Amino acid sequence: LSEIGHISTAFQRTRVNARDAIFAQTPDAIQANIDKLAARRAEIDELAASFEKTILSADMKAAFDELTASRMEFRAAMDKVLVLAKENKDAEALALIAENGEAGIASRAVQDNIDKVVKMKTEDAKAKADNNNKRADETVLVTMIVIVIVMALSVILGLLISSIIARPIRKSVHMIQEMSMGHFSGRLHMDTKDEIGQMARA
């Protein structure tokens, strides 16, 4: 998007350079403004080539092609203006760059196409941002669900393990309480092979 912004700025400067060339009084001043305009054109060409490499959609490619075509029409009209400026035919040159002149109409077409590309790029960026936000929300939701499931499994597993450990201990405590009341006839039946099972067999 920044490349299109720079293209728009450089494009506006080419118009200023052309106007300055028309109003310049000496051949050197005219040529200096023409040279500035040529530098701006080169800058626009470089930015456009860089932007074109980033185009992914057919719609954006079509809009960019329209922009390129309108730039070429504007360039041809501006070349006529510059020739008139060199020949000091200021009135004719000004008529070409006027709003209803050939260069003025071509200029408006370029600006309209720049605005169209900017709008499309902005809408595309918004759509991508919305899509990224949606994916982020989905990821957060899935993560939360996984966390809840893992926590539930942890609690269930913890209860199961504590039950496995506590049941023989409760039986042993009950047997010891019976023995303390003088009931020695009972037997503690446990099949575990851990320390509690050893104690029960003893």
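This is a short tour of one helix pair and two cavities in a predicted model.

**Stop 1: the helix pair**

Select residues 2–23, which form helix α1. Then add residues 102–180, helix α5. Two packed helices are described by the angle between their axes and the distance between the axes. Here the axes come within 10 Å and cross at roughly 170°. Angles over 145 degrees count as roughly antiparallel, so α1 and α5 are roughly antiparallel to each other. Their crossing is left-handed.

Which residues make the contact? On α1, select Ile4, Ile7, Ser8, Phe11, Gln12 and Arg15. On α5, select Ser107, Val110, Gln111, Ile114, Val117 and Val118. Now colour this contact by class. You should find 7 nonpolar, 4 polar and 1 charged residues.

Keep three of these residues in view: Phe11, Arg15 and Ser107. They come up again at the next stops.

**Stop 2: the largest cavity**

How many cavities of 30 Å³ or more are there? The count comes to 2. Start with the largest, which has a volume of about 110 Å³.

Show helix α2 (27–52) and helix α3 (58–86) beside α1. Each of α1, α2 and α3 supplies at least two residues of this lining. Select Phe11 and Thr14, then Leu37, Arg41 and Ile44. Add Arg71, Met72, Phe74 and Arg75 to finish the lining. Which helix gives the largest share? That is α3, with 4 residues.

Colour by class once more. The lining has 5 nonpolar, 1 polar and 3 charged residues. Phe11 is one of the lining residues, and it also belongs to the contact of α1 with α5.

**Stop 3: the second largest cavity**

Move on to the second cavity, with a volume of about 70 Å³. Select Arg15, Arg19, Phe74 and Met78. Then add Ile97, Ala103, Gly104 and Ser107. Two or more of these lining residues come from each of α1, α3 and α5. Which of them gives the most? Here α5 does, with 3 residues.

By class, this lining has 4 nonpolar, 2 polar and 2 charged residues.

**Last stop: shared residues**

Clear the view and select Phe74. Phe74 lines the largest cavity and also lines the second largest cavity. Next, select Arg15 and Ser107. Both take part in the contact between α1 and α5, and both line the second largest cavity.

Definitions and conventions. Residues numbered from 1 in each chain as written. Predicted model: local features only at pLDDT ≥ 70, side-chain atom pairs only at ≥ 80, totals over all residues. Heavy atoms only, no water. Axes fitted to C-alpha atoms, helices over the stretch in contact; angles between N-to-C directions. Parallel < 35°, antiparallel > 145°, perpendicular 65-115°, else oblique. Left-handed = near helix turned anticlockwise from the far one by under 90°. Contact = heavy atoms within 4.5 Å. Nonpolar A, V, L, I, M, F, W, Y, C, P; charged D, E, K, R; others polar. 1 Å grid on protein atoms, 1.4 Å probe; cavity = no way out; pocket = protein on both sides within 12 Å on 5 of 7 lines; lining within 4 Å. Points joined across faces, edges and corners; volume = space filled by probe spheres on them.
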